[in-house]
Amino acid sequence: MTVYFIGAGPGAADLITLRGARLLERCGVCLYAGSLVPAELLELCPDGAKLVDTARLNLDQITAELVAAHAAGQDVARLHSGDPSVFSAMAEQMRRLDAAGVPYQVVPGVPAFAAAAAALGRELTVPTVGQTVILTRIAQQATPMPPGEDLATLGRSRALLVLHLAARYVDRVVEELLPHYGADCPAAVVALASRPDELVLRGTLADIADQVKAAGVLRTAVIMVGRTLAADQFQDSHLYSCDRDRSVQP
Ligand SMILES: C[S@@+](CC[C@H](N)C(=O)[O-])C[C@H]1O[C@@H](n2cnc3c(N)ncnc32)[C@H](O)[C@@H]1O
């Protein structure tokens, strides 16, 4: 039997993929991160399915649930918020499943940064202004950043930065980015993107920290910093250019 790591999307239940929803409908066991995965999604699980909130489980306990389901001949839907390819702790579960000889597959989902960009009504890559998006977080005691991935180093690129797990440290983010991006650089924070209580804050590096604190945003938010957030003077892309020869298909 198979463990399916499924991206549940950023919070709105209808932002899971069709593939993910169909798997949920047929897996006899579902493990989900209760703090971020929308409860409505669990209603898709078949009657009698075993539902396990992983919020209070450690890695050994989660692995034990996955291995036990496999031994009992059950497929498992392992729901992760957003897309499991970033900040999901999927890698360590895969390593345990490899060791236990349990097969798995990954079903992608809509990541928080994409839902935040949608809430802002922005394309994050704009010709001549910014063609690079860096998905990152900031160092915390439990999770130090690898060498060369600190904000000051990443900030030298002046690429659009999307910071996860960072809202409560917004002062530190601003302090480290100011020398590279400048006080007038556009910044935005989207909390609870795609949910009914979504909150969008727009400003600059000069005022975004005050806005975040005034709104009381501490978690489930991404901070975005970069010039593309307010770009309006840019070249049209080559993709739809009138000058492009469309008689030859690539
Ligand atoms: C453990 S990470 C999970 C990221 C997830 N795998 C993804 O693809 O977006 C949790 C962090 O993602 C961000 N996040 C998750 N859901 C969000 C949402 N609906 N709106 C804004 N940020 C969100 C926040 O920074 C939160 O602290």
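This report walks through the overall build of the chain, one helix pair and the surroundings of the ligand.

**Overall build.** Keep in mind that this is a predicted model. The protein chain contains eight helices and 10 strands. Its C-alpha atoms fill a box of roughly 60 × 55 × 35 Å along the principal axes. Of the 250 residues in the protein chain, 35% are buried. Among contacts with a separation of 6 or more, 70% join residues that are 24 or more positions apart.

**A helix pair.** Let us turn to H3 and H4. Helix H3 (residues 59-71) packs against helix H4 (residues 90-100) at an angle of about 50°, and their axes are 10 Å apart. That angle makes H3 oblique to H4, and the crossing of the two helices is right-handed. On the H3 side, the contact is made by Leu59, Ile62, Thr63, Leu66 and Val67, while H4 brings Glu92, Gln93, Arg96, Leu97 and Ala100. By character, these contact residues comprise six nonpolar, two polar and two charged.

**Around the ligand.** Which residues are closest to the ligand? They are Gly82, Pro111, Ala112, His164 and Ala193, part of a shell of 25 residues. Helix H5 (112-120), strand S8 (186-191) and strand S10 (221-225) each give two or more residues to this shell. H5 gives the most, with three residues.

Here is how the residues divide by character in the two settings:

| Setting | Nonpolar | Polar | Charged |
|---|---|---|---|
| Contact of H3 with H4 | six residues | two residues | two residues |
| Shell around the ligand | 15 residues | eight residues | two residues |

Key. Residues are numbered from 1 along each chain as its sequence is written. This is a predicted model: local features need pLDDT of at least 70, side-chain atom pairs count only at pLDDT 80 or more; totals for chains, interfaces and linings use all residues. Axes are lines fitted to C-alpha atoms, for helices over the stretch in contact, and angles run from 0 to 180 degrees between N-to-C directions. Helices (H or I, at least four residues) and strands (E, at least two) are DSSP runs, numbered from the N terminus. Angles under 35 degrees count as roughly parallel, over 145 as roughly antiparallel, 65 to 115 as roughly perpendicular and the rest as oblique. A crossing is left-handed if the near helix is turned anticlockwise from the far one by less than a right angle, and right-handed if clockwise. Two residues are in contact if their C-beta atoms, placed from the backbone, lie within 7 Å. Ala, Val, Leu, Ile, Met, Phe, Trp, Tyr, Cys and Pro count as nonpolar, Asp, Glu, Lys and Arg as charged, and the others, Gly among them, as polar. A residue is buried if 20 or more other C-beta atoms lie within 10 Å of its own, exposed if 12 or fewer, and partly exposed in between; C-beta atoms are placed from the backbone. A residue is near a molecule or strand if its C-beta atom, placed from the backbone, lies within 6 Å of it.
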